[in-house]
Amino acid sequence: MDHSGHGMDMNLPPFTLGRGLAFSADPFFLIGCVAALALYGYAVVRLRRRGDAWPVNRTVFFVVGVLTIALVMCTGLNDYGMVMFSVHMVQHMVISMLSPILLLLGAPVTLALRALPVAGRGRTGPRELLLKLLHSHYMRIITHPVFTIPLFIASLYALYFTPLFDFLMGSKTGHVAMMVHFLAVGLVFFWPIMGVDPGPHRPGYVMRMLELFAGMPFHAFFGIALMMASQPMVTTYKNPPSSLGIDALSDQSAAGGIAWAFSEIPSVLVLIALVFQWYRSEQRTARRSDRAADRDGDQELNAYNAYLASLQARGR
């Protein structure tokens, strides 16, 4: 499939689910997905051989997350997404809002920190570099809600409603860069909210929920704006190939509907993850309090026994 600009293959047949899911890999994302699965698998095996456990559910989350990226970037969806706004919007929503959540639940940073060897004294290895990055001023900035929420919103409005989108869609490199950007924005936005991995910005659970709901309404408004528009708003999709048998305005309306509806899916997923994490955190706190109370109780009992023993000794 030729992705070299607006003059792509104009003989695509009408979209069907079978054609959309047919294998048609983008080399960059195919290599990236295979590499991610291989590195994650290697790290898990390394831990197991060392006798350390790694939760199976984290592995499942990560693998499914990578497969969702492959689904939208290594199938016919990627081909049709170049000429159909609605299919492109499916790609965008999955890679920016579903894939990041699943990848973050896989805790890849925690796995890397546990699997990478510790460098010798005075030496810097990959593990030390990763820790340095996690604690860096740069990471504190890009994971702060003052940065992440505007970035999340700008990735919709500043991209689709300016000539930037058409410019990026004009080349294969631009298209790949845009999809990488969507994935990165999703990871940066959701990491402080529900990521399992350690991070520089980790607010309380109520604040995390507020951060989540601060960004989602703008997604819904974006979708509604596309649905209500009386003319095509993105030049790339203004004149779809006649072989597709679609109308540009109805396709744009479908894209808006997808953007509007999809904002609910990650909200529910993240809320479930947050409530579960909150519950687990409360359980751990309660267990720590119980252990501390047991220790204090033992100390009081020992002190009382010692007091009784001293009285008995005095009586003798």
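Author: Welcome! A pocket is an open set of grid points with protein on both sides within 12 Å along at least five of seven lines. Please keep in mind that this model is predicted.

Reader: Thanks! What volume does the largest pocket have here?

Author: Rolling a probe the size of a water molecule over the atoms shows where empty space is left. In this structure, the volume of the largest pocket is about 1000 Å³. Its lining is made of 34 residues, and those nearest the centre of the pocket are A36, F62, P108, V109 and L187. Two or more lining residues come from each of α2 (27-49), α3 (56-73), α5, α6, α7 (126-134), α8 (137-142) and α11. The largest share, ten residues, is given by α2.

Reader: How many nonpolar, polar and charged residues are in that lining?

Author: Sorting the lining of the largest pocket by class gives 31 nonpolar residues, one polar and two charged.

Reader: And which residues lie nearest the centre of the second largest pocket?

Author: Those are R58, L105, V196, F276 and Q277, out of 19 lining residues. Helices α3, α5, α12 and α14 (264-315) each give two or more residues to this lining, and α14 gives the most, with seven. The second largest pocket has a volume of about 590 Å³. Its lining divides into eleven nonpolar, three polar and five charged residues.

Reader: What about enclosed space: how many cavities of 30 Å³ or more are there?

Author: A cavity is a space where the probe fits but cannot get out. The count here is one cavity of 30 Å³ or more. The largest cavity holds about 50 Å³ of space, and its lining consists of H92, S96, F152, S155, L156, F182, V185, G186 and H219. The elements giving two or more of these residues are α5 (85-105), α9 (145-160) and α11 (172-194). By class, the lining of the largest cavity has four nonpolar residues, five polar and no charged ones.

Reader: Let me try single residues. Is T110 buried or exposed?

Author: T110 has 18% relative accessibility, so this residue counts as buried, since the cut-off for buried is under 20%. You will find T110 in helix α6 (residues 108-115). Its side chain makes a polar contact of 2.7 Å with the side chain of D197. Beyond neighbours within four places in sequence, T110 is in contact with W54, R58, V196, D197 and P198.

Reader: Where is G204 found, and how accessible is G204?

Author: G204 is found in the loop between α11 and α12 (205-228). Its relative accessibility is 42%, so G204 counts as partly exposed. Look also at I193, which is eleven residues from G204 along the chain: the C-alpha atoms of the two are separated by 9.2 Å.

Reader: How many disulfides does the structure hold?

Author: The structure holds zero disulfides. To count as one, a pair of cysteine sulfur atoms must be within 2.5 Å.

Reader: Why is there no bond from C33 to C74?

Author: The closest cysteine sulfur to that of C33 is in C74, and the distance is 5.2 Å, so the two are too far apart for a bond. Both of these cysteines can also be read by accessibility. C33 counts as buried because its relative accessibility is 8%, and C74 is buried with a relative accessible area of 4%.

Notes
Residues numbered from 1 in each chain as written. Predicted model: local features only at pLDDT ≥ 70, side-chain atom pairs only at ≥ 80, totals over all residues. Heavy atoms only, no water. 1 Å grid on protein atoms, 1.4 Å probe; cavity = no way out; pocket = protein on both sides within 12 Å on 5 of 7 lines; lining within 4 Å. Points joined across faces, edges and corners; volume = space filled by probe spheres on them. Helix = DSSP H or I, 4+ residues; strand = E, 2+ residues; numbered from the N terminus. Nonpolar A, V, L, I, M, F, W, Y, C, P; charged D, E, K, R; others polar. Buried < 20%, exposed > 50% of the residue type's maximum accessible area, 1.4 Å probe, protein only. Polar contact = N/O pair within 3.5 Å; in protein donor to acceptor, adjacent residues only side chain to side chain. Contact = heavy atoms within 4.5 Å.
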